[in-house]
Amino acid sequence: MHNPCRICGGTVKGSIDLGRHPRGNAFPRPGDTADEFFYRLVVGMCDVCTMVQLLEDIPQEVRYHDEYPYHASGSAIHRRHFEEIAQGFLDTELTGPDPFAVEIGSNDGVMLARIARAGVRHLGVEPSRQVAEMSRAKGVRVLPEFFDEGTAERIRAEHGPADVMFGANVIAHISHLASVLRGAALLLARTGVFVFEEPYLGSVVEKTAFDILYDEHSFVFSVRAIQAAAERFGLELVDARPMEIHGGSMRYTLAPAGARPVSPRVGELLEKEAAQGLGEHATLEEFARRARTVRDDLTALVRDLHAQGKRIVGYGAPAKITTVTNYCGIGPDLIPFVCDSTPSKQGRLVAGTHIPVRAPEAFSADHPDYALLFAWNHAEEIMAKEREFAERGGRWILYVPDVHIV
Ligand code: TYD
Ligand code: ZN
């Protein structure tokens, strides 16, 4: 499978083929699974700009529907993270006269609420209606649209240039990334910055985190690919910082080309990426082989425990669960349910495999023998919260970076 690159038109060769998958965040209602949408989950790298991307593109209207269930403030650690980011902007970038901040994919308003409370002009651009409503309730101004070049032009005409543009776990979701970058170049003030943080290819490869691959992640960014993409649209990568959140992310800072000094961190990370072979097809092919090993090991372990009469329940229903359970063929016969704290996911099913999602109380009320941790990027928070489970002899199953029991 080959496709033209969405950024530069080069050739993308499909190196990782995980087969047919439903949408990661579909979470259908029981009885509403007859016409589930499936696509072929193939990921590859561009020959020219090294951008890692999905080969098959799912229309964004299908993905960010009005009931889009992901809530950014669902984890206490994430909430604190976004409040700290907002405070950082207030202290550094939003100190001039009447500053203006724009967030792409403002979700439930967790970041902008802090900016709004400080009385700073802001605008969230968020097409999913339910989460947009949640942010309005927090006093956040929202434009219920997809961000692209046209939106950027209209925002600039109405509000003037942006001092800060921000996006978290959303920029890599946008298949029309080229238009977003063109829009950022249009909307940013000469002194402005476009900051975004997204799952990092280096961490994904290092952890064999194949479950980060699903329909919403149109791209998996690297420093090298982002530097090249920025350059193409009149922007410049001036800083990049690795972060632990979401199982390994990178925070990129783009500025109008030539407007700001470039941090030495950028060069250091580029060297590290070269040493890790991040720009090579062979690295992705090796990753695909390791993903198959994880699949075989996890399936064998779960089947084996099940055959021994052990009860295994899933913990967390992130979008990632859709990739793992479909790729491994793990259904409700092996895992009767998975618990998740997000109310809008409870009572629904994991797409494709149809494992029911229940409230965390279903887990704590009747501890299983094993808990398969699908929300592995929240391991610390969850294991602390469910200390009693382990104290009573319960064991956690993890599959990142390999299958193991703790
Ligand atoms: P997350 O990893 O944030 O997102 P993604 O869907 O992009 O992979 O999802 C974490 C999920 O785990 C989310 O549905 C909420 C759930 N969760 C719990 O059920 N309990 C918890 O204590 C935490 C931290 C998360
Ligand atoms: Zn390319």
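Select strand 8 (residues 162–168) and strand 9 (residues 188–199) in this predicted model; the two pair in the parallel sense over six bridges. Within this pairing, display Met 165, which stands opposite Phe 194 in strand 9.

Next, select helix 5 (residues 149–159), which packs on the sheet and touches strand 5 (100–104), strand 6 (121–125), strand 7 and strand 9. The direction of helix 5 makes about 160° with that of strand 6.

Now widen the selection to the whole sheet. Seven strands form an open sheet with mixed pairing, in the order 7-6-5-8-9-12-11. At its edges lie strand 7 (142–143) and strand 11 (235–243), each of which pairs on one side only.

Move then to strand 13 (residues 312–315). Ile 312 and Gly 314 point one way from this strand, whereas Val 313 and Tyr 315 point the other way, and all are buried. Add strand 16 (residues 370–373), which pairs with strand 13 in the parallel sense over four bridges; here Gly 314 stands opposite Leu 372. Add also strand 14 (residues 338–339), which runs parallel to strand 13 and is joined to it by two bridges. In this pair, Tyr 315 stands opposite Cys 339. With helix 11 (residues 320–328) included, strand 13 and strand 14 make a right-handed β-α-β unit.

Finally, select the zinc ion (ligand 2). Its ligating atoms are the SG atoms of Cys 5, Cys 8, Cys 46 and Cys 49, at 2.2 to 2.4 Å. The site is tetrahedral, with angles of 99 to 116° among the four donor atoms. Along the chain, the donors follow the spacing C-x2-C-x37-C-x2-C. Cys 5 counts as buried because its relative accessibility is 6%.

How values were computed. Residues are numbered from 1 along each chain as its sequence is written. Chains are lettered from A and ligands numbered from 1 in the order in which they are written. This is a predicted model: local features need pLDDT of at least 70, side-chain atom pairs count only at pLDDT 80 or more; totals for chains, interfaces and linings use all residues. Side-chain values use heavy atoms; hydrogens and water are left out. Donors are N, O and S atoms within 2.8 Å of the metal (3.2 Å for Na, K and Ca); water is not among the atoms, so sites may look incomplete. Four donors count as tetrahedral if all angles lie between 85 and 135 degrees; four count as square planar and six as octahedral if opposite donors are over 155 degrees apart and all others between 65 and 115; anything else is irregular. Buried means under 20% relative accessible area, exposed over 50%, partly exposed in between (1.4 Å probe, protein chains only). Two strands pair if DSSP finds at least two bridges between them. Contact means heavy atoms within 4.5 Å. Axes are lines fitted to C-alpha atoms, for helices over the stretch in contact, and angles run from 0 to 180 degrees between N-to-C directions. A crossover is right-handed if, with the strands pointing away from the viewer, the path from the first strand over the helix to the second runs clockwise.
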